[in-house]
Amino acid sequence: MARFTYGLFAGELLAESSLKAMLTFVEAPDADVPAQTGYGLGVRRLVIDGDDLVGHTGTFPGYSNVSLYSPA
């Protein structure tokens, strides 16, 4: 997951225009993810401890996953 997340957000997997579209965020509050500051095409934007992060979260009964990337 770490390699995929890095490759995706570092621009190694998609055309620049596709990544730009994914990272065009709209306001989308989520009570389950209070750090979320926006949502793009399958991508959450979060601020955690002052750091801007992008990525995705997922849950299934008994399991959870978080994969985040720091553009900085």
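**Close-ups of a predicted model**

**View 1. Gly 62, out in the open.** With a relative accessible area of 79%, Gly 62 counts as exposed, and this is a predicted model, so read every value here as computed from it. You'll find Gly 62 in the loop that links S3 to S4. For a sense of distance, look for Ala 10: its C-alpha sits 31 Å from that of Gly 62, and the two residues are 52 apart along the chain.

**View 2. The hairpin of S3 and S4.** Stay with Gly 62 and look at the backbone: this glycine takes a positive phi near 90 degrees in a hairpin that has two residues between its strands. Beside the turn, Phe 60 stands opposite Tyr 63 of S4. Strand S4 covers residues 63-69, and its antiparallel pairing with S3 runs over seven bridges.

**View 3. The hairpin of S2 and S3.** Here's S3 again, now with its other partner in these views. Strand S2 (residues 44-48) pairs with S3 over five bridges, also in the antiparallel sense. Two residues separate the strands of this hairpin, and Asp 49 in the turn shows a positive phi of about 50 degrees. Want a pair to zoom in on? Try Leu 46, whose bridge partner in S3 is Leu 53.

**View 4. Leu 53 and its neighbours.** Leu 53 belongs to strand S3, which spans residues 51-60. Is this leucine buried or exposed? Its relative accessibility is 14%, so Leu 53 counts as buried, the cut-off for that label being under 20%. Leaving aside residues up to four places away in sequence, Leu 53 touches Arg 44, Arg 45, Leu 46 and Ile 48, and also Leu 68, Tyr 69, Ser 70 and Pro 71. Ser 70 deserves a look of its own: 17 residues away in sequence, its C-alpha is 4.7 Å from that of Leu 53.

**View 5. Thr 5 on helix H1.** Now over to the helix: Thr 5 is part of H1, residues 2-9. Its relative accessibility is 5%, which means that Thr 5 counts as buried. What does Thr 5 touch, once residues up to four places away in sequence are set aside? The contacts are Ser 67, Leu 68 and Tyr 69. With Ser 67, the side chain of Thr 5 makes a polar contact of 2.3 Å. Leu 68 and Tyr 69 may ring a bell from the previous view, as Leu 53 touches both of them too.

Definitions and conventions. Residues numbered from 1 in each chain as written. Predicted model: local features only at pLDDT ≥ 70, side-chain atom pairs only at ≥ 80, totals over all residues. Heavy atoms only, no water. Helix = DSSP H or I, 4+ residues; strand = E, 2+ residues; numbered from the N terminus. Buried < 20%, exposed > 50% of the residue type's maximum accessible area, 1.4 Å probe, protein only. Contact = heavy atoms within 4.5 Å. Polar contact = N/O pair within 3.5 Å; in protein donor to acceptor, adjacent residues only side chain to side chain. Pairing = 2+ DSSP bridges.
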